[in-house]
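Hello,

Here is the structure you are taking over. My notes follow below it.

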Amino acid sequence: MAFIFFLFLFLLTLFSPSSSNDLNSLTYIVHVDHEAKPSIFPTHRRWYTSSLTSTSSSIIHTYDTVFHGFSARLTAQEATQLLDHPNVISVIPEQVRHLHTTRSPEFLGLRSTDKAGLLEESDFGSDLVIGVIDTGIWPERPSFDDRGLGPVPTKWKGQCVPSQDFLETACNRKLVGAKFFCGGYEATNGKMNETTEFRSPRDSDGHGTHTASISAGRYVFPASTLGYARGVASGMAPKARLAAYKVCWNSGCYDSDILAAFDAAVADGVDVVSLSVGGVVVPYYLDAIAIGAFGAIDRGIFVSASAGNGGPGALTVTNVAPWMTTVGAGTIDRDFPANVKLGNGKTIPGVSVYGGPDLDPSKMYPLVYGGSLLGGDGYSSSLCIEGSLDPSLVKGKIVLCDRGINSRATKGEIVRKNGGVGMIIANGVFDGEGLVADCHVLPATSVGASGGDEIRRYISETAKSRSSKQPTATIVFKGTRLGIRPAPVVASFSARGPNPETPDIIKPDVIAPGLNILAAWPDKIGPSGVPTDNRRTAFNILSGTSMACPHVSGLAALLKAAHPDWSPAAIRSALMTTAYTVDNRDVQMLDESTGNASSVMDYGSGHVHPTKAMDPGLVYDITSYDYINFLCNSNYTGTNIATITRRKADCDGARRAGHVGNLNYPSFSVVFQQYGESKLSTHFIRTVTNVGDSDSVYEVKIRPTRGTTVTVEPKKLSFRRVGQKLSFVVRVTTTEVKLSPGATSVETGHIVWSDGKRNVTSPLVVTLQQPL
């Protein structure tokens, strides 16, 4: 009892009103050693709150499932003081995260009419619960109808948190839970404006409704957005149950709230967590998402996270902890062409989702470039930013705007406000040729970087000519086009490797459909997202790794339903080792930004193939203790590791046994630092588990990286029973190459185990780096 009294006095001083309201305070997440809590209190929450009865005004959340501790507003001095306490393991500064914003089931080979296959084998995921951590949900949409569903799984402990605008009856046998977490958001921003946001699980943004229906939306017909993408809408696991955890608000998604959502989701009994949110990459022990995700996988819960939209540049991938499945974005074989026809007769390809009224098909319209309009500062007007356009120069014209800074739909609203009749958005050099179809408030389309250059050149050359002609254009909308080739293509925006935190672990893991995806959309929000857009639609078309992530979340639910004994790592392994890297022309997938062949750093193991993932043959399984050994070999301290895992780690054995690359991951990556040694070598140890046939023999096929010798021992794995584990060693030897200081050379290959009918494929990446 002396410990309780001391901690009470300590926290009473620390969380006095004068300190918690300090203007210099920030939100911190505090990890308390759960072994130090008195045994007379059965839960961390009860112990902690009993000590803070009179001072809890500065406490934001307490955590007791995936994490033991609390979040609070602290000054830097208070944080330092608290860190010195013997029962506090770590004090983590909060980050603000941001969103990574129905043909895809068919494109992935999931057909409801098939008598056998993943949907049938898993009963469409009916007994599984997917927890979606996002912006909430609009429960009335038909995608969340519970017709024909059986009772809620008996293991489910969650609930629907009611409020004035979200009644308890909003939940049903489909939407089995809905909660919201705004403590961290309000601690930083003050009380929310309830005229623009719902203090409830209801979605005021649209992103959460969209991602939830991608993962587990019911079959809905007819479905379309403004007449585009007509057909049947369906999520990946149509009968899986959903639980919505709202953590994202107008100014972002706060770590303290995200961790609280993880805590609740795991306690409620979800089977899969879907997280289309991310931010900067930091060490895992400072990353609330990584910490929450570890607590989930430690309970057998699969965590799918979006890779981010920072592509096509290298080192842009986020959510890189190896216990999460990190998902990049690819295209599907559907497009929405909206081409620009110029006055010189040339046609520039573009894409758009615009529902009319169209431009006059018999008329060409005056064309201007925002960046060359008089009266603006050039840069702002080129981007069509609020206040940068002169109405007298824009009225009645089509305006070319550069992509960047403000949203593409907002640019259209600004052009429309200033009297423009249409808009063309041109990619910058960094965006390349990757095109995203947006719902616009006026006739508008997006063109690639080369198309933008050609339009600017046409405008400039026409202006310089001695003729009285002025540049003209129109936009020709062609609706929905199916059967696009090539597909899939790695989306330009999809974040790329290498992994900034652990180059030895390839990220992203896989890619999935993420471009121009049709899914459910809330009422009261226009499809463009622009506040003045009064149009209403039950479905919307969005793009981003945010859309790719829930595809994998739903597939994970199907695989878990079909294979209840599979761990999160086994499910990820099945998705990775069966992924493909060729398009529907049977050639290497392309990179949308350049039009050239894509690489492992773009797509990881490849594009998911659900049907093959159902029967992968072998899986690379990983336990929580394997991840602890990985953290030991990452040179994390015992305190760092305990912050993530809630366990004390003895790293001596792990460090003697191997290195970071020996985590039993379904891919292989090595980074050699060239310090003058002519010969460089390493080895990987892997263990595979037989989930195929009882008597099976797998032989290895090696496609080594250029300039590298790769050997595998043994070359043959003979299994006598299902569940049997066998190990092998991969040895990689290469020679130094001439590189300038700071430069790198990356070569890729593959290691494939085959039993004659299944190919278990793993990418191999060898990176040579010349130190500065």
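A pocket here is an open set of points on a 1 Å grid over the protein atoms alone, where a 1.4 Å probe fits, with protein on both sides within 12 Å along at least five of seven lines. Volume is the space filled by probe spheres set on the points, which are joined across faces, edges and corners. This is a predicted model: local features need pLDDT of at least 70, side-chain atom pairs count only at pLDDT 80 or more, and totals for chains, interfaces and linings use all residues. Numbering starts from 1 along each chain as its sequence is written, and side-chain values use heavy atoms, without hydrogens or water.

**Pocket**

The second largest pocket holds about 690 Å³ of space. It is lined by 31 residues (an atom within 4 Å of a point). Closest to its centre are Thr578, Ala579, Tyr580, His609 and Lys612. Helix H16 (568–577), helix H18 (610–613) and strand S38 (759–769) each give two or more residues to the lining. Helices (H or I, at least four residues) and strands (E, at least two) are DSSP runs, numbered from the N terminus.

**Sheet**

Four strands form an open antiparallel sheet, in the order S2-S3-S1-S4. Strands pair if DSSP finds at least two bridges between them. S2 (59–63) and S4 (88–93) are at the edges with a single partner strand each, so one side of each has no neighbour in the sheet. S1 (residues 26–32) runs antiparallel to S4, joined by 5 bridges. Tyr28 has Pro93 in S4 as its bridge partner.

Best wishes
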